[in-house]
Amino acid sequence: MVLEGLSNSLKGTLQKITKALFVDEKLINELVKDIQRALLQSDVNVKLVLDLTKKIKERALNEEVPKTVNKKEHLINIVYEELVNFLGRGEKLDHQARISEKRDLKEKGKTTEPYKIMLVGLFGSGKTTTTGKLANYFKKRGIKTAVISTDTWRPAAADQLEQLANNLNVQVFIDKKEKDPVKLYKKFEKELEKYDLVIIDTAGRDALSDELITELNAINKTVKPDETMLVLSADIGQAAEKQAQAFHDNCKVSGVIITKLDGTAKGGGALIACAVTGAPVKFIGVGEKTDDFEEFKPEGFVGRLLGMGDLEALLEKTREAISEEEAIDMSKKMLKGDFNLIDLYEQMHAMKKLGPLNKVVDLIPGMGNMNIPKELIQNQEGKIEKWKHLMNSMTKNELEDPDVITNTRIERISKGSGISTTELRGMLKQYRQSKKLMKLLKPGASERDMQKMVQKMQGKMGGVKF
Ligand SMILES: Nc1nc2c(ncn2[C@@H]2O[C@H](COP(=O)(O)OP(=O)(O)OP(=O)(O)O)[C@@H](O)[C@H]2O)c(=O)[nH]1
Ligand SMILES: [Mg+2]
């Protein structure tokens, strides 16, 4: 996990909220202090931290809690929204749409040019690696991509890009003899028109010197990039803001790519510092491999940082819906595998109390993406009523030990309840499957265990007839 330290502290803070008895000023103050500590430890600028926490506090104390959520959920939501705002300033750009637009213009004969993304930055920030990552990212999305190295400064630069591109099966343009980046680009300009996207790697320097600015301005005039991305290494921490601003002022940077977020606790500083300049973060590099690369979307990033979609919110809701004793009792039975039909009914009933099943599904890691059909979830809810009737027609023994239910008993229960035998058989099947699944759930199951269980459920769901 990127920014693991920050993520763990923030998750810990949110857990404190879910465990607290009331949401009061004391809790809010504690929360604000915790968030401040977590962000400062990740090297986020003090002033920015204070601004953020002031906003959180003001909203938490003054805002009316919407009817659909409880106070705790509201508070967690404020933290989430404010962190997203914090990281997400600046315009959003749909790269793929822009690339397609340009391709359409080309097809209509209105331009001959491909869409061009130029990468700039200091020595070793990750420009060449990122050129490969970006090419891979867009190629996977079906865009005809080429890369070109205009780094005539470092002798091995062309070889490095060539090797990367060859591994990715991406067309690469290099000229190891040419010493002038502008001439080099012009030499290939015509050939580049065959592509929908061209990514231009440039040379770095160890500081934003006049020499570098002059060189970049010259390349810039020739290339006329649609986007100029500044590549910054996360380990520069808060200094990212100054550098982003300086590059932005001198070379009209349209976006920032932060690399090496996998390797530093200072990443929080770099990320946030950049997000507040006029050059927003567009992509992040999270490892050395070509696939260690993501489009930066504040909502998703903050969600993962806080562990949303995680079990916390669900557990919190569960705690409200069924008492702790009931939960312990039920989980003990589940573990021994001797939970019966009444328990299954109670379990479904408790799930019903949690709210619409589709909302509950969203809270379980991995389940939100499962695309469970709506009808299926609605059916599940309708079933509870029918099950109640079926159970009313059963004997105590049958309820406690459903394995004794033979075919003749099935006929009897169905007649007595007015519910079809198919429905009853379905219920018994779900009971047996739940019993098996519950055995997999051990106390203190880790998130990975849960994921595994969800995967198993996913496999089984296909076979379950709801
Ligand atoms: N861990 C990690 N390493 C990275 C990441 N991005 C780049 N690197 C490494 O950083 C080092 C420098 O990367 P380059 O792509 O050569 O940097 P550059 O900006 O092209 O450097 P110059 O051409 O010398 O200016 C390499 O060893 C890369 O493997 C990342 O996201 N995570
Ligand atoms: Mg390079």
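The shell around ligand 1 holds 3 nonpolar, 10 polar and 7 charged residues. The model is predicted. In it, 20 residues surround the ligand, and the closest are G126, K127, T128, T129 and D262. Helix α6, residues 127-140, gives the most to this shell, with 4 residues.

Three polar contacts can be followed from oxygen atoms of ligand 1. One oxygen atom is 2.9 Å from a polar backbone atom of G126. A polar side-chain atom of K133 lies 3.2 Å from an oxygen atom of the ligand. For G287, a backbone N or O atom lies 3.1 Å from a ligand oxygen atom. Taken alone, ligand 1 exposes 660 Å², and the protein buries 81% of that.

Stay with helix α6 and turn to T131, which lies in this helix. Is T131 buried or exposed? T131 has a relative accessible area of 0%. Buried means under 20%, so T131 counts as buried. The side chain of T131 reaches the backbone oxygen of K127 at 2.7 Å. K127 is itself among the residues closest to ligand 1. Leaving aside neighbours within four places in sequence, T131 is in contact with L119, V147, L161, I199 and D201.

L119 leads to strand β1. This strand covers residues 115-120, and 6 of its 6 residues are buried. Which way do its residues point? Y115, I117 and L119 point one way from β1. K116, M118 and V120 point the other way. Both sets are buried.

Strand β1 has partners. One is β4, residues 197-201; 5 bridges join the two strands, which run parallel. In this pairing Y115 stands opposite L197. The other named partner is β5, residues 227-233. Here 4 bridges make the link, and the strands again run parallel. L119 of β1 stands opposite M229 in β5. L119 is also one of the contacts of T131, and T131 belongs to helix α6. Two more contacts of T131 are I199 and D201, and strand β4 spans residues 197-201. The path thus runs from the ligand shell through α6 to the strands.

Now move to helix α5, residues 95-107, where K106 lies. What is the relative accessible area of K106? The value is 19%. The cut-off for buried is under 20%, so K106 falls on the buried side. Where does its side chain go? The side chain of K106 reaches the backbone oxygen of E193 at 2.9 Å. Not counting residues up to four places away in sequence, K106 touches T111, T112, E113, P114, E193, K194, Y195 and D196.

Step back to the whole protein chain. Its secondary structure comes to 21 helices and 8 strands. Of its 466 residues, 48% count as buried. Consider the contacts in the chain with a separation of 6 or more: residues 24 or more positions apart account for 73% of them. The chain exposes about 23800 Å², and carbon and sulfur atoms supply 51% of that area.

Key
Residues are numbered from 1 along each chain as its sequence is written. Chains are lettered from A and ligands numbered from 1 in the order in which they are written. This is a predicted model: local features need pLDDT of at least 70, side-chain atom pairs count only at pLDDT 80 or more; totals for chains, interfaces and linings use all residues. Side-chain values use heavy atoms; hydrogens and water are left out. Buried means under 20% relative accessible area, exposed over 50%, partly exposed in between (1.4 Å probe, protein chains only). Two strands pair if DSSP finds at least two bridges between them. A polar contact is a pair of N or O atoms within 3.5 Å; within protein, one must be able to donate a hydrogen and the other to accept it, and residues adjacent in sequence count only if both atoms are side-chain atoms. Contact means heavy atoms within 4.5 Å. A residue is near a molecule or strand if one of its heavy atoms lies within 4 Å of it. Accessible areas come from the Shrake-Rupley method with a 1.4 Å probe; for residues, only the protein chains shown count as cover. Ala, Val, Leu, Ile, Met, Phe, Trp, Tyr, Cys and Pro count as nonpolar, Asp, Glu, Lys and Arg as charged, and the others, Gly among them, as polar.
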